[in-house]
Amino acid sequence: MSGAAPRGVFITFEGIDGSGKSTQARALAEALGARLTREPGGSVGAEEIRRLLVEGDAARWSPETEILLFTAARRDHVEKTIRPALEAGLVIVSDRFADSTRVYQGAARAALRGKVDLLHEAMIALEPDLTFVIDTDPDVALARGLARRSGEDRFESLGAGFQHRLRAGFRALATEYPDRVVLIAGDRAPDTIAADVLTRARAFLAERGHG
Ligand code: ADP
Ligand code: TYD
């Protein structure tokens, strides 16, 4: 008897601002016919919290307050969007998740990884099945990001040194979580990267007996 609830697959994209991860998250979701979501945001309440986080000047929130706001947004996103999709047996792709807090607030903006981990365990307690870190040179990525001028540039305004610390933090995730994190070279044409990501995602899904 198969009493177990169907379990979907949770795939995330991570990387520095302008790395190209949103482009790749969109491409993979489309190729797989998967749900696409993002952080901060991904549910009505979390999108409201997003505005508090990405607009305004860099000193608006302390790193500690940021951890609380990102975790509050994530909790709503998990409750309303991610868990329901997984319980329905779907593949869901998120443009950023908890690894962003580990790297931005836990390492690059401040050394608060212990507090990030405590809150994650108490309030989120969910990890992706597969994570693609789009690894792009910060000078290339910063030029791409600032070219967009979206008005959501609070973190990008922290500058190039900050972006270099972020890149190191994202690369370190592949060592910390070798079972789920895959590093993808981001300094290539978007279609080439997308083909690489799709091949790896399909292999992972086949291994899981999904699709
Ligand atoms: P992120 O989500 O990491 O900030 P985006 O996917 O939004 O990055 O891409 C930032 C900008 O760079 C966009 O204008 C996008 O069209 C462009 N871009 C994305 N991927 C590449 C790539 N591989 N090569 C060149 N430009 C890219
Ligand atoms: P995002 O919309 O992904 O920006 P971009 O497309 O420029 O990469 O994320 C907004 C900003 O929030 C981004 O600079 C990264 C930051 N962020 C954190 O600092 N911690 C987090 O936990 C998350 C999810 C995002």
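Just after helix H8, Gly 209 adopts a positive phi of about 70 degrees. The model examined here is a predicted one, and H8 is a good place to start a tour of it. This helix has 18 residues and reaches 26 Å from its first C-alpha to its last, close to the 26 Å expected at 1.5 Å a residue. Its buried residues are Ile 193, Asp 196, Val 197, Leu 198, Ala 201, Phe 204 and Leu 205. These buried positions pack against four strands and one helix, namely E1 (9-14), E3 (91-95), E4 (130-135) and E5 (181-185), together with H1.

From H8 the description moves on to ligand 1. Of the 15 residues around this ligand, Gly 18, Gly 20, Ser 22, Thr 23 and Arg 188 come nearest. The shell divides into 4 nonpolar, 6 polar and 5 charged residues.

Several polar contacts can be followed atom by atom, and each involves an oxygen atom of the ligand. A polar backbone atom of Gly 18 lies 2.8 Å from an oxygen atom of ligand 1, while for the side chain of Lys 21 the distance from an N or O atom to a ligand oxygen is 2.9 Å. In the case of Thr 23, a polar side-chain atom is 2.5 Å from an oxygen atom of ligand 1. On its own, ligand 1 has 560 Å² of accessible area, of which the protein covers 74%.

Two or more residues of the shell are given by each of helix H1 (21-32), helix H6 (138-148) and helix H8 (190-207). The largest share, 3 residues, comes from H1. Helix H8 thus appears both in the ligand shell and in the packing against H1 and the strands.

Notes: Residues numbered from 1 in each chain as written. Chains lettered and ligands numbered in written order. Predicted model: local features only at pLDDT ≥ 70, side-chain atom pairs only at ≥ 80, totals over all residues. Heavy atoms only, no water. Near = heavy atom within 4 Å. Polar contact = N/O pair within 3.5 Å; in protein donor to acceptor, adjacent residues only side chain to side chain. Areas by Shrake-Rupley, 256 points an atom, 1.4 Å probe, with all protein chains shown as cover. Nonpolar A, V, L, I, M, F, W, Y, C, P; charged D, E, K, R; others polar. Expected span 1.5 Å × (residues − 1). Buried < 20%, exposed > 50% of the residue type's maximum accessible area, 1.4 Å probe, protein only. Contact = heavy atoms within 4.5 Å.
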